[in-house]
Amino acid sequence: MLEMILITAVKVFMVLSAVLTACAYSTYLERKVVAHMQHRVGPLYAGPYGLLQPLADAVKLAFKEDLVPDNVERVTYALAPVASFVPAILIFAVVPFSNGFTWFGYDIPGVISDLNIGVLYIFAMTSLGVYGIVLAGWSSPSKYSMMGAIRSSAQMISYEISYGLSIIGILIIGNTLSLTEIVAQQAAESWVFFGNWYIVKQPLGFLLYITCAIAETNRAPFDLPEAESELVGGYHTEYSSMRFSMFFIAEYAYMLGVAAVGATLFLGGWNGPFLPPVIWFLIKVFLFMFLYIWLRATFPRFRYDQLMQFGWKVLFPLAIANTMGTAVWVVLSGQ
Amino acid sequence: MTLDYAIFLISAAVAVFGATMMIMQRNPVASVLYLILSLVAQAVVYVQLGALFLGAILIVVYAGAILVLFLFVIMLLNLRSNPELSASLPPLGWFTKVAVPVLMVVELYFVVDRVIWPPVPTGIVGKNPDFGSVETVATMMFTDYMYPLQLTGVLLLVAVVGAVVIARRESAEPRKTTASPDNRNEQPIDTVAG
């Protein structure tokens, strides 16, 4: 009993530090990649190739003055960054990052908690993420924050439905809600190591997942809640110092979480030849993150009504069709 | 005292505390937040009973969707704390305030006594391993409770239609007075915020 608690605590600590470091270096990756796509060089002076830039940014943010404007609703204003940060981090509790291994005679599974309803747990956490944004907008005495929060909640509610439906196909084929089992089902059977990955069986589901995931995490081209040209900073306009950076970390943790879940569900998780499982998992998450940044540098922002129409009139029917098609296929093929 | 028992006591206390604080707030947003706290604590109780699915659904549906909608409406109406709520209640109000909770507790006692706990359960966690699992809930929903499920769907549809009718009647009035030739008031709801 005590050993189990200790092992879990160590795993939680390792995953948490890995996620937070990855958040910091995602900002570096984003600045570098976008810069090179625009024929610039990006951060260059802090350390070799600007590699210490995230550290410098963190120190700068931590030493800034924490400004609280007049007329804020104090409790919710302080609660909002935490409410947006915590669910983002909690996603990683059920993501399998490696296969199990034996260490000092203990069998250690490569996941913090192998919940048999892992997929539902992830949806529960992503659906709680909207509270941080709504509360931030509501408690700040600013029209820009309010507009950002209203846009964001409408957007997240609309896209959450298609987001959920996009992976129902996998659940129908796999007949399970456990992420560990879904990864096990995608193990290689022949030299075509990606033959069993769900991206092969669910190509439309994968495209829907990526699109909805970008909208869920409020990233370009769906970043209406923080459209700089219209709303200053959107819901976090009135936040400064560490509270602002918590929103910032939460956004990147969400991106990483959605990327990790996508890699687990569609790209075979830690399955892959030659390299160790953890490395394969990290490569797949990195691919997702690169795609995020690539899309940001490529597409202009949607208009708000276009965004809503796209969500309800294109993505939602496609997701329903994908679910129905998969169900019919599974019944007819007699699996 | 086992760990299970301690977790149950804490989450039950938090659930009751959240529910009580919810009805005692003057600020509607604070009410919603306390309700979320109560729901999360209830989800913990479900998980302890082994009903992982019901716990997750409670969070996804109630905390994740319905209460976001509550918060959204409160934000759109811009309700801050309401001083009128502190006005003294009419005499009948005091009676209702006491009678309704007493009735509910009595009712709940009978429901729990007769329906849910016919056999005496042993310990906190039930014996049946399939209790509240996805398969059990789905099988019951699509066999024994098929008609209630369909009827609930119709009921929700009626409620949605009713809400749309009420909302339309209000917006129909200014349209006559402004007498604008184009149909600008007939924009779909989803573009209002933009």
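Which helix of chain A gives the largest share of the nonpolar patch? That share comes from helix α2 (residues 53-63), with three residues. The model is predicted, so please read the briefing below with that in mind. Here is a friendly walk through a surface patch, two cavities, a pocket that involves both chains, and some salt bridges.

**The nonpolar surface patch**

- Seven names to look up on the surface are A:Y25, A:Y49, A:L51, A:L52, A:L55, A:V59 and A:F63, which make a nonpolar patch of about 770 Å².
- One of these residues, A:L52, sits in the loop between α1 (2-37) and α2 of chain A.
- A:L52 counts as partly exposed because its relative accessibility is 42%, and partly exposed covers the range between under 20% (buried) and over 50% (exposed).

**Enclosed spaces**

- Searching the whole structure turns up two cavities of 30 Å³ or more.
- The largest cavity holds about 120 Å³ of space.
- Its lining has 13 residues, and those nearest the centre are A:I133, A:N218, A:Y235, A:E251 and A:Y254.
- Helix α12 (residues 241-266) of chain A gives the most to the lining of the largest cavity, namely four residues.
- The lining of the largest cavity is mixed in class, with six nonpolar, four polar and three charged residues.
- The second largest cavity has about 40 Å³ of space.
- Around the second largest cavity you will find A:I210, A:A213, A:I214, A:V258, A:F288, A:L291, A:Y292 and A:L295.
- In the lining of the second largest cavity, eight residues are nonpolar, with no polar and no charged ones.
- Two helices of chain A, α10 (203-216) and α13 (277-298), each supply at least two residues of the lining of the second largest cavity, and α13(A) has the largest share with four.

**The second largest pocket**

- This pocket has a volume of about 1300 Å³.
- It is lined by 40 residues, and A:L90, A:M125, A:L128, B:V40 and B:I59 are the closest to its centre.
- Elements that give two or more residues to this lining are α3 (74-90), α4 (118-128) and α5 (130-139) of chain A, along with α1 (3-24), α2 (28-48) and α3 (52-77) of chain B.
- The largest share of the pocket lining, 11 residues, belongs to α2(B).
- By class, the pocket lining has 32 nonpolar, five polar and three charged residues.

**Chain B in outline**

- Chain B has six helices and zero strands.
- Of its 194 residues, 19% count as buried.

**Salt bridges**

- Side chains of opposite charge can pair when their charged atoms come close.
- Over all chains, the structure holds four salt bridges.
- One of them joins the side chains of A:R296 and A:E30 at 2.5 Å, N to O.
- This pair links distant parts of the chain, with A:R296 in helix α13 and A:E30 in helix α1 of chain A, 266 residues apart.
- A:E30 counts as buried because its relative accessibility is 3%, whereas A:R296 is partly exposed, with a relative accessible area of 38%.
- Another salt bridge brings together the side chains of A:D57 and A:R31 at 3.0 Å, N to O.
- A:D57 lies in helix α2 and A:R31 in helix α1 of chain A, so this pair ties together parts that are 26 residues apart in sequence.
- A:D57 is partly exposed, with a relative accessible area of 22%, and A:R31 is partly exposed at 37%.
- The side chains of A:R303 and A:D305 also meet in a salt bridge, at 3.0 Å, N to O.
- A:D305 is partly exposed, with a relative accessible area of 26%.

Note on methods: Residues numbered from 1 in each chain as written. Chains lettered and ligands numbered in written order. Predicted model: local features only at pLDDT ≥ 70, side-chain atom pairs only at ≥ 80, totals over all residues. Heavy atoms only, no water. Patch = residues over 30% accessible without salt bridge, like charges linked within 9 Å, V, L, I, M, F, W, Y side chains within 5 Å. Areas by Shrake-Rupley, 256 points an atom, 1.4 Å probe, with all protein chains shown as cover. Buried < 20%, exposed > 50% of the residue type's maximum accessible area, 1.4 Å probe, protein only. 1 Å grid on protein atoms, 1.4 Å probe; cavity = no way out; pocket = protein on both sides within 12 Å on 5 of 7 lines; lining within 4 Å. Points joined across faces, edges and corners; volume = space filled by probe spheres on them. Nonpolar A, V, L, I, M, F, W, Y, C, P; charged D, E, K, R; others polar.
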